[in-house]
Amino acid sequence: MSALPSTGSTGSMMNASVVSVLRLWRIFTDCFNCLSVAAVIDDKILCMHGGHSKWEAWIRLGPYKRPVDVPEQGLLCDHQVVEDGYEFFAERQLVTIFFAPNYCGEFNNAGALMTVDASLLCSFNILKPCRGKLPYTE
């Protein structure tokens, strides 16, 4: 049984919403596939994608051809879910930021965004996890 009705005006509106969400997801994914794997801010802050990849992958970082689809394994597909959206390590010299709240619909984690201002002060915006059943899931 489908989670979304497929007949009547309500069904049409729901289906149009799903199509819009899927289209937005595809645009986001296409954009992500073109982003740099790493960047340096003001010669002081190193930002990089990745979770718990083996460090050898970072040593061999080299130029990644972009756009690229996310592979099944390796540097570009690793994730490290953190409960509060971000978590400091190494005496606050390293921070993991995890953007996706309710990751894969299986975790009750928050997401976070880190903002760096002109004086290199870092602040966090927290994306709270949804409670209850997520929309568009069965």
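Confidence in this predicted model bottoms out in helix H2 (residues 55-59), with a mean pLDDT of 54, and peaks in strand S6 (residues 122-127), at 95. Residues 1-7 come out below 50, though that stretch still has eleven contacts in the model beyond near neighbours in sequence. Averaged over the chain, the pLDDT is 78, and 72% of the residues score at least 70. A word of caution: where pLDDT is low, the predicted coordinates should not be read in detail.

**Overall layout**

- The chain has two helices and six strands, and reading along the sequence gives you α-β-β-α-β-β-β-β.
- Of the 138 residues, 18% count as buried.
- The accessible surface adds up to about 10,600 Å², and carbon and sulfur atoms account for 59% of that.
- Take the contacts between residues at least 6 apart in sequence: 42% of them join residues at least 24 apart.

**The salt bridge in helix H1**

- Searching the whole structure turns up one salt bridge.
- The partners are Asp-30 and Arg-26, whose closest N and O atoms sit 2.7 Å apart.
- Both residues belong to helix H1 (residues 8-32), and because they are four residues apart there, about one helical turn separates them.
- As general background, side chains of opposite charge can pair when their charged atoms come close.
- Asp-30 is partly exposed, at 37% relative accessible area, and Arg-26 is partly exposed too, also at 37%.

**Asn-109 and the S4-S5 loop**

- Asn-109 sits in the loop between strand S4 (94-97) and S5.
- With a relative accessibility of just 2%, Asn-109 falls under the 20% cut-off, so it counts as buried.
- The Asn-109 side chain gets to within polar-contact range of two backbone atoms: the oxygen of Ala-100 is reached at 2.7 Å, and the nitrogen of Tyr-103 lies 2.9 Å from a polar side-chain atom.
- Skipping residues up to four places away in sequence, Asn-109 touches Val-81, Val-82, Glu-83, Phe-98, Ala-100, Pro-101, Asn-102, Tyr-103 and Pro-129.
- One of those, Asn-102, is in the S4-S5 loop as well, and it is buried at 10% relative accessible area.
- Asn-102 also has a positive phi, near 50 degrees, despite being a residue other than glycine.

**Another positive phi: Arg-92**

- Arg-92 is not a glycine either, yet its phi is positive, at about 65 degrees.
- For context, most residues other than glycine have a negative phi.
- You'll find Arg-92 in the loop between strand S3 (86-89) and S4.
- Arg-92 is exposed, with a relative accessible area of 59%.

**Strands S5 and S6**

- Met-114 belongs to strand S5 (residues 111-116) and is partly exposed, at 25% relative accessible area.
- Leaving out neighbours within four places in sequence, Met-114 is in contact with Val-95, Ile-97, Cys-122, Ser-123 and Phe-124.
- Met-114 and Phe-98 are 16 residues apart in sequence, and their C-alpha atoms are 9.8 Å apart in space.
- Over in strand S6 you have Asn-125, which is partly exposed at 42% relative accessibility.
- Apart from neighbours within four places in sequence, the contacts of Asn-125 are Gly-111, Ala-112, Leu-113 and Thr-115.
- Asn-125 and Leu-113 are twelve residues apart along the chain, with 5.1 Å between their C-alpha atoms.

**A nonpolar surface patch**

- Leu-113 turns up again here: together with Phe-28 and Phe-99 it forms a nonpolar patch on the surface, with about 300 Å² of accessible area in total.
- Phe-99 comes from the loop between S4 and S5, and it is partly exposed, at 44% relative accessible area.

Terms used: Residues numbered from 1 in each chain as written. Predicted model: local features only at pLDDT ≥ 70, side-chain atom pairs only at ≥ 80, totals over all residues. Heavy atoms only, no water. Buried < 20%, exposed > 50% of the residue type's maximum accessible area, 1.4 Å probe, protein only. Contact = heavy atoms within 4.5 Å. Polar contact = N/O pair within 3.5 Å; in protein donor to acceptor, adjacent residues only side chain to side chain. Patch = residues over 30% accessible without salt bridge, like charges linked within 9 Å, V, L, I, M, F, W, Y side chains within 5 Å. Areas by Shrake-Rupley, 256 points an atom, 1.4 Å probe, with all protein chains shown as cover. Salt bridge = Lys/Arg side-chain N within 4 Å of Asp/Glu carboxyl O. pLDDT = per-residue confidence, 0-100.
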